[in-house]
Amino acid sequence: MVEVLNLSATAPTLNKLRQSEAIPQVNSVVAGKSASPAGPRRGGPWKLLAGLGLGALGLVASVGLIDRLWPQQDQGLSSEEQNGEAAPLASPPSRPITVLLIGSDADRLAAASNGAAPAGAANSDTLMLLRVDPSGPLQVLAIPTELAVKLPGQTNVQPLGSLYKQGGAALSAGAVAELVGLDSGQPERYVVLPRSALRELVDGLGGLEANLDQPLSYKDKSQAFSIDLQGGLQRLKGAQVEQLVRYRNKDQGEAGRRERQEKVVGLLVSELTRPDQWAQLPERWQRLTSQLDTNLTQEEALSLVTAGLRQNKPVRYSRVPLEAPSKPDQTLRQISAKAPTPLWPLKPSAAD
């Protein structure tokens, strides 16, 4: 039986996260200048969340840990000698790093309302775990925001995506760690990406080249929001990519939307790892930080990108499997009883 957490235990966690000191920067190179996972826990008909208040959910690490993850650059070698081809953005981490990506349904972090349906405080409408491995492929786990969860002291279940408006990144990260069965201290980092930050990121990269298999059209007068995308090969601007990741139709529902979001992640990775983009990435990160909520420093973010630059292996995607809905209009879902243990990360293959 899964132990139910008293929500009051999360208060010290949230306070520690808000008041944590900045992580000391390590000696790195920026654009050539100095600068045994556990299985998923299942219990009862709906998932019960426990252990969300342990160690600030691993989101604030000690100085010693950061030094081990991001070792100092060997200044005895030139940047070209260390990378073999081009100057690295920063030293890569010394082991895999897990990052939780939270896509907010609000346009901006400080927005009073999410400007979405249903209207209200911001929810997370996208949850993805990223595992950046300096010696293996990037792994991405898509986590359904419609997963049903029950918090202690509450009688009703609620969607996982609604936890963000109750406890922010800390509660969301703790819930994801519990659901997936992450090791203690994971995820190490998080990034909250509102819609404006997504547009800024895409436009800063010069757009994303996408091949849509069909036109996408939708209008919602209550939100003053419309989607109008043509099919075929095209280069999408930030506002168009926002439309692509938000589009949901009746036939595919959230599953179809997650598939499109995964495609966008793949396109972003492809653009970020293009050699002609490298020199601009530090400046673009600085522009983004005012629109993001994250505990990644610039050097750490560039370190993770450097790990990606050194990879020639495709991104490995996986999803949390769900039970089939018991009725057509069911909105809350459960993890499949046949889900593998552990859920994530994927075991290395011969190709890795």
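Let's start at Gln243, which sits in helix 6 (residues 238-246) of this predicted model. Gln243 has a relative accessible area of 14%, so it counts as buried. What does Gln243 touch, once its neighbours within four places in sequence are set aside? Its contacts are Phe225, Ser226, Ile227, Asp228 and Leu229.

From here, step over to the nonpolar interior. In soluble globular proteins, nonpolar side chains tend to be buried together. The largest nonpolar core in this model has 36 residues, and the members that touch the most others are Val241, Leu244, Val264, Leu268 and Leu292. Which helix gives the most to this core? That would be helix 5 (residues 195-204), with four residues. Val264 is a good place to look around: leaving out residues up to four places away in sequence, Val264 touches Leu208, Val241, Leu244 and Val245. Apart from this core lies another one, made of 30 residues, including Ala106, Ala173, Ala175 and Ile335.

Now move to Glu262, in helix 7. Buried or exposed, given a relative accessible area of 9%? Glu262 is buried, because that value falls under the 20% cut-off. Beyond its neighbours within four places in sequence, Glu262 is in contact with Met128, Ala142, Tyr317 and Arg319.

Two of those partners, Met128 and Ala142, turn up again in the lining of the largest cavity. Rolling a probe the size of a water molecule over the atoms shows where empty space is left. Here the largest cavity comes out with a volume of about 70 Å³. Around it you'll find Asp125, Thr126, Leu127, Met128, Ala142, Ile143, Pro144, Thr145, Glu254, Arg257, Arg258 and Gln261. Strand 5 (124-132) and helix 7 (253-272) each put at least two residues into that lining. As for chemistry, the lining is a mix of five nonpolar, three polar and four charged residues.

Further along the chain comes helix 9 (residues 298-309), with twelve residues. Its first and last C-alpha atoms are 16 Å apart, close to the 16 Å expected at 1.5 Å a residue. Why call helix 9 largely enclosed by the rest of the structure? Because ten of its twelve residues are buried. The buried ones are Gln298, Glu299, Glu300, Ala301, Leu302, Ser303, Leu304, Thr306, Ala307 and Leu309, so if you're clicking through the helix, those are the positions to colour.

For a spot with some exposure, try Gly206, in the loop between helix 5 and strand 10 (208-212). Gly206 has 47% relative accessibility, so it counts as partly exposed. Gly206 and Leu236 are 30 residues apart in sequence, and their C-alpha atoms are 8.8 Å apart in space.

Last stop: the backbone. Most residues other than glycine have a negative phi, and most peptide bonds are trans. Where might you look for cis bonds in this model? One runs from Gln186 to Pro187, with omega near 0°. Pro187 belongs to the loop between helix 4 (164-180) and strand 9 (189-193). Another cis bond links Trp344 to Pro345, again with omega near 0°, and Pro345 falls in the segment after strand 15 (316-319).

Technical notes
Residues are numbered from 1 along each chain as its sequence is written. This is a predicted model: local features need pLDDT of at least 70, side-chain atom pairs count only at pLDDT 80 or more; totals for chains, interfaces and linings use all residues. Side-chain values use heavy atoms; hydrogens and water are left out. A nonpolar core is a set of buried Ala, Val, Leu, Ile, Met, Phe, Trp, Tyr and Cys residues joined through side-chain atoms within 4.5 Å. Buried means under 20% relative accessible area, exposed over 50%, partly exposed in between (1.4 Å probe, protein chains only). Contact means heavy atoms within 4.5 Å. The expected span of a helix is 1.5 Å times one less than its number of residues. On a 1 Å grid over the protein atoms alone, a cavity is a set of points where a 1.4 Å probe fits but cannot get out, and a pocket is an open set with protein on both sides within 12 Å along at least five of seven lines; lining residues have an atom within 4 Å of a point. Grid points are joined across faces, edges and corners, and a volume is the space filled by probe spheres set on the points. Ala, Val, Leu, Ile, Met, Phe, Trp, Tyr, Cys and Pro count as nonpolar, Asp, Glu, Lys and Arg as charged, and the others, Gly among them, as polar.
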